[in-house]
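Let's take a walk through a protein model together. Keep the picture open while you read, and look up each part as it comes along.

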Amino acid sequence: MNIISGCSTIEDCIRRYGKDARTRFVFPSRIASRLWLHRAISLTGLAAIPAELFTAWDAFKADCCVAKTEGRNPVSQVIRLLFARHIAAENAAQPFFRTIIPANYAADGAVFAQWIAGILPQLDHWEKRAAQHKAPADDEAADLFILKKAYTDFLDSHRLFEPSWAGAEFSPQASHYILLYPELMEDFEEYRGLLTDRSEISVLPAPVFQPEVVPLIRCASIREEIRTAILAVEQLLADGAAADEIAFSVADIESTVPYLKREFALRSIPAEFRLGFKLSEQQAGRLFPLLERCVEEHFSFESLKRLFLNSHIPWKSPQHIQAVINFGIKNNCLVSWKDGDQYRNIWEEAFKLPTPHHPGQCYEEELAEKEQAKNWLIPFMRDAEALVQAKSFSEIRHRYIMLRDRYLNLDGFSPEDNAVIGRCVTLMQELIQLEPDFAGCLPVQPYPFFTAQLGREIYVPQNTGRAVSIFPFRVAAATPFTHHFVLNCNQGKSRVIYTKLPFLRKDKRDALGVIEHDATQDFFAVYAQYGTVQFSFSEQTFSGYAVSNGIFTEIQQGRTGICADSFLQEYAFFAQAQQLPASIYPVQKTGLEQFVLHDALCSFSFLRTPLTNKLPELTQTLHTARYEDGVFRVSASDLKLFAECPAKWFLQSVLSINEEDTDADLFNPRYVGLLSHHILEKLYQKIQETDTVFISAHIGEYTKWADELFAQTIHTQTDFQGPLAAPFIQSIKKKTLQGVSFVLSVDAEKLDGYTPLVMEGKLRHRSEDILYHGVIDRVAYQPAEDRAVILDYKSGTPPAASSYTPDAMRDFQIPMYLFLAEKALVKSQIEHAFFLGLGDEKISYIVNDPTVIPHGNARASKTRDAFEPAIESFLRASENYAHKVGEEDFRKPETVQWDDCKKCPFHRICRTIFIVE
């Protein structure tokens, strides 16, 4: 093996030896070999070149470095994994490993199988080094010797060999080989001894990296780095460069793929991602793990929803799918549950229950939907269970074909998804072929093994080669692209360290003479050798802050500003910072056309201009729903919503736009509040009728009444149904009665002897052109002293007195209730108004005279006189509310902040622009 003379680049080698059919070129990767094969035609002037003259290092090893084995086959990674699982199972039955699988984890040793399978190829190398360096014996070494012997016996019994163990012979298929950049080949050192004395081998070594002439571009963020590179690509294309002459190599490409795809698509630049993906991570490939999850979770609503609503999996009967989803939502088919030793299937139990009649809904239609869901889902669940619980890989294939033919629309798969499914089935077939020879090592549960393999199997889609190519870092080193952009060159992601025996601690590797090989400079030097290359890194990546790769010394600041990017120019235009860009992308053109068309069809927007009398139907709807005898009706809840944002009030309260519900719930939290309110109303009515006043000595009797009222109320005040209703009601009962008990304890301490004057009292008062109305949870009254106390129950966190600052009031309940009660109930000033938190069991004193009803922090409340500005603010807000609705003015005020908008369910409708600095 000698260094080739007279050649410093791959082009030199091809020009000199490319016409010699006795010479073969060996490249670090298959990508490089294929691309240089195409380039060789122009370099040599030949009309055609045999493809076998250009080969990759892995193919060279398979052809020329022949293992000294006769009558044996090389072991595959799947077979290694079968062995690893088998020995982990043996260790679980009677532990013999001490460190490879710790004794405390022996029973769950299968979780170590993948790691064990990964170290098997290196055991022979470890054993030889341990003998050479006389490594001390310890528990780890003993385990590795046991594993090595067991694996050797396994290979012998199945007539297999481990390629990295077997001694190899060099058997050349040509008279001359040129190894191009062996420094980039991770395992070259293992073959150096075999190739060193071979005269047929010549080597082109990697050039020396020259940091002083290879600059690194620094960008503030990874998004800016991507945008800068793609804008440079755009300029190259505009200058006449072909897309297939341009390549990207990206370190940590997995984290950047979505952003790269978006940027290329937005700018209409053709791009192909030359990297593989795991089969189970692609939408169509998720069919198999999703079926497994359904069976594992006993067909929970969430697992079925993920399977059925996956747009990449076409079903024969989408109407049945919709019936199942609708039935699951209505009947709260959230999860199955365990009853003794058996699971109760939530769907089967729900189908057994009678169909309830809901007012306003057609009973016959609901019954038909239930039958439709039942007749489709029950057989599907049986078939899915039979597939996932199959006892062999052959049975998996049989069950899959049955399920596929019954339920899937094969013509509905896209070509890409069909290719993914085909590769999954191919893997299934490969596992079936192992069954005759490895029956003793096959997993007890083959389907989870199959789906786990899908999670490891890398699938590389076919590419046209006529677009910008995007590669993971390292793969496209030594390729002949005219323009190459190498991104994310930071210290953490772009270093290349080749390490032997990585399963050992570093001190043990050092003791065995294992030396790490840093190939970072070799890779960057080779990248810089061909075409025009731009290296860049980001100070802030998606995972945090980063520093540049330490081999660079010349660092330049990347281009900043928006002058070349029409998307940023468009953003600046809408932010009113500059004019529209001179040129725009097709997607921008389409968006502007749609915007102009929409603007032409709708000459106004309620977000910009009042709707005053522009839509007679709207005017009529407002008068019907919001006015009574020509007087505008105001409630505290409507006023609060309008004060927050008139646009939100209009969309929610007038147009009744609601988010679609596609989830099944165990129990809606608002039910606790409804139940508590209803029970407290009926309880205090009974106290009023029986005792006239609240008597603290009777609190035990009151508690019994509350328990009886819960049983009477639970089914009348909620629409909770389905098989989970009965067992779950008990937990709701405890939570509800806890809140009721808290209210009773407050009355016993603070309001003993008070009469329950009003329960869920509907009060109304007209003042000029406004009709104020509200429902007060309870008013307690002490006749002897003419004292009234307003009480409002809160399931969530109640407002504090600080919420009623006149200049920035966000809640209007207490001012409204005081105003109504004083005008329409007691006709005198009320000195006490509280919130009772049923969940956190706390009293929020809003208005109080602490000399009459003491409480811990007197400053937390206000006296009635001090609270008067809040009532005046409430009246002004009501007048403004009435005026705005009368003018049909629902414009969003400038006081609405981004924090409010981003939490609003309607922000995708309003699409208000905020400038965040």
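Start with Leu179, which stands opposite Val203 in β9. Keep in mind that this is a predicted model. The two strands involved here are β8, residues 176-180, and β9, residues 201-204; they run parallel and are joined by four bridges. Zoom out a little and you'll find β8 and β9 inside an open sheet of five strands, ordered β1-β9-β8-β2-β3, with parallel pairing. At the edges sit β1 (2-3) and β3 (54-56), each of which pairs on one side only.

There's another open sheet to look at, this one with seven strands. Its order is β12-β17-β11-β18-β21-β10-β24, and the pairing is again described as parallel. The edge strands, β12 (271-273) and β24 (555-557), each pair on one side only. On average, neighbouring strands of this sheet are turned by 25 degrees against each other, if you ignore direction. Helix α20 (residues 520-529) packs on the sheet, where it touches β11 (246-250), β17 (468-472), β18 and β21. The direction of α20 makes about 135 degrees with that of β21. Within the sheet, look for His483: its bridge partner in β21 is Thr532.

Not every strand pair here is parallel. β27 and β28 pair in the antiparallel sense, and together they form a hairpin with two residues between them. In the turn, Glu768 has a positive phi of about 55 degrees. You can also spot Pro756, which stands opposite Ala780 in β28.

Here are three strand pairs side by side:

| Strand pair | Residues | Sense | Bridges |
|---|---|---|---|
| β8 and β9 | 176-180 and 201-204 | parallel | four |
| β18 and β21 | 483-487 and 532-538 | parallel | four |
| β27 and β28 | 755-767 and 770-782 | antiparallel | eleven |

Now for some helices. The axes of α9 (residues 222-238) and α10 (residues 257-266) come within 10 Å and cross at roughly 35 degrees. The crossing is right-handed. On the α9 side, the contact is made by Arg223, Ile226 and Ile230, while α10 brings in Tyr259, Leu260, Glu263 and Phe264. Sort those residues by class and you get five nonpolar, no polar and two charged.

Is Leu147 buried or exposed? Leu147 belongs to helix α7 (residues 139-157). Its relative accessible area is 0%, so Leu147 counts as buried. Leaving aside neighbours within four places in sequence, Leu147 is in contact with Phe83, Ile87, Phe97, Ile100, Ile116, Ile119, Leu120 and Leu123. For a sense of distance, try Leu266: it is 119 residues from Leu147 in sequence and 54 Å away in space, C-alpha to C-alpha.

Helix α12 (residues 301-308) is mostly covered, with six of its eight residues buried. Those buried ones are Phe301, Ser303, Leu304, Lys305, Leu307 and Phe308. The cover over them includes α11 (287-296), α13 (318-330), α14 (346-352) and α15 (363-388).

Some of these α12 residues turn up again around Phe380. Not counting residues up to four places away in sequence, Phe380 touches Leu291, Leu304, Leu307, Phe308, Trp315, Leu403 and Tyr407. Which residues have the most contacts inside the largest nonpolar core? They are Trp347 and Phe380, in a core of 92 residues. Another core lies apart from that one; it has 57 residues, among them Leu618, Val654, Ala821 and Val826.

Technical notes:
Residues numbered from 1 in each chain as written. Predicted model: local features only at pLDDT ≥ 70, side-chain atom pairs only at ≥ 80, totals over all residues. Heavy atoms only, no water. Core = buried A, V, L, I, M, F, W, Y, C linked by side-chain atoms within 4.5 Å. Buried < 20%, exposed > 50% of the residue type's maximum accessible area, 1.4 Å probe, protein only. Contact = heavy atoms within 4.5 Å. Pairing = 2+ DSSP bridges. Axes fitted to C-alpha atoms, helices over the stretch in contact; angles between N-to-C directions. Left-handed = near helix turned anticlockwise from the far one by under 90°. Nonpolar A, V, L, I, M, F, W, Y, C, P; charged D, E, K, R; others polar.
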